[in-house]
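Q: I am new to reading protein structures. Please choose one part of this one, take a close look at it with me, and then show me how it sits among the rest.

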Amino acid sequence: MLHETTQKLVVTLWEMSERNDVPWRATSENTWAFDTEGYVVEVCGAPPQIRILRRDGREIERASTVDLEATRWPMGGGDFARRVQELASAARRGLEDANTPNPAPSGGSAWSEVRSLPRHPVEVAAQPTARFGQIRSFDVNRRD
């Protein structure tokens with residue numbers, strides 16, 4: 001069974017992951033880490049596991065597949081093992097999406113409309129320079 005604080009941590013990470021608010025980093029092929037508040041949370045999808053580490057790498061807590069499977073998800077719909085697998089999948093997808101370049105805009109996109117706007121010179125009204133002690137503010141229209 002998972003410790004209560006670990007359960008809360010996993011629930012919070014899962015909720016943040018649903019909003020794509022977790023900056024995961026890959027630590028191995030099937031393990032992702034999240035650095036937060038002085039410690040690191042590592043999740044592994046297969047087999048589902050979670051580790052909490054100090055920043056220096058010392059392990060604080062480890063939750064095995066057995067621990068995760070033995071703890072029911074508080075909102076129903078399975079156990080913590082399933083949610084840790086979902087966290088790992090979300091981390092993988094997020095990193096894959098971040099590493100995929102955005103496609104170039106097509107001819108009919110909003111970008112082409114922006115590019116086709118007429119270009120007119122912009123007139124800027126001359127403003128008096130302000131004095132701050134002995135320093136005068138920058139004025140592009142000033143000719144000394």
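A: What follows starts with one pair of strands, goes on to some charged and aromatic side chains, and ends with the whole chain.

Keep in mind that this is a predicted model. Our part is strand S1, residues 25–28, together with strand S2, residues 31–36. The two strands run antiparallel and are joined by 3 bridges. To find one of these on your screen, look for Ala26, whose bridge partner in S2 is Trp32. Between the strands the chain turns around in a hairpin, and 2 residues make the connection from S1 to S2. While you look along a strand, here is a handy rule: in a regular strand, side chains alternate between the two faces of the sheet.

Now look at the side chains. Arg25 and Asp35 form a salt bridge, with their closest N and O atoms 2.9 Å apart. The two residues belong to different strands of our pair, Arg25 to S1 and Asp35 to S2, and are 10 residues apart, so the salt bridge links distant parts of the chain. Why can two such side chains pair at all? Side chains of opposite charge can do so when their charged atoms come close. In this case, the cut-off is 4 Å, and 2.9 Å is within it, so the pair counts as a salt bridge.

Are the two partners buried or exposed? The answer lies in between: Arg25 has a relative accessibility of 36%, so it counts as partly exposed. Asp35 is partly exposed too, with a relative accessible area of 33%.

This salt bridge has company, as the count for the structure comes to 10. Further along the chain, Glu42, Arg51, Glu59 and Arg62 are linked in a network of salt bridges. Glu59 is a good residue to start from. One of its partners is Arg51, with the closest N and O atoms 3.0 Å apart. Glu59 also meets Arg62, at 2.9 Å from N to O. Glu59 is partly exposed at 34% relative accessibility. Its two partners are partly exposed as well, Arg51 with 23% and Arg62 with 42%.

For a contrast, turn to the aromatic rings. The structure holds 3 aromatic pairs. In one of them, Trp14 and Trp73 sit 5.4 Å apart from centre to centre, with 70° between their planes. Planes over 60 degrees apart count as edge-to-face, so that is the name for this pair. Trp14 lies in helix H1 (residues 4–18), while Trp73 lies in the loop between helix H2 (65–70) and helix H3 (80–99), so the pair ties together parts 59 residues apart in sequence. Unlike the partly exposed Arg25, both Trp14 and Trp73 are buried. Together with Phe80 they form one aromatic cluster.

Finally, step back to the whole chain. There are 4 helices and 7 strands, and along the sequence they follow the pattern α-β-β-β-β-β-α-α-α-β-β. Of the 144 residues, 30% are buried, and Trp14 and Trp73 are among the buried ones. The chain exposes about 10,400 Å², and 52% of that comes from carbon and sulfur atoms. Among contacts with a separation of 6 or more, residues 24 or more positions apart account for 33%.

Methods
Residues are numbered from 1 along each chain as its sequence is written. This is a predicted model: local features need pLDDT of at least 70, side-chain atom pairs count only at pLDDT 80 or more; totals for chains, interfaces and linings use all residues. Side-chain values use heavy atoms; hydrogens and water are left out. Two strands pair if DSSP finds at least two bridges between them. Rings of Phe, Tyr and Trp (its six-membered ring) pair if their centres lie within 6.5 Å; planes under 30 degrees apart count as stacked, over 60 as edge-to-face and the rest as tilted. Buried means under 20% relative accessible area, exposed over 50%, partly exposed in between (1.4 Å probe, protein chains only). A salt bridge is a side-chain nitrogen of Lys or Arg within 4 Å of a carboxyl oxygen of Asp or Glu. Contact means heavy atoms within 4.5 Å. Accessible areas come from the Shrake-Rupley method with a 1.4 Å probe; for residues, only the protein chains shown count as cover.
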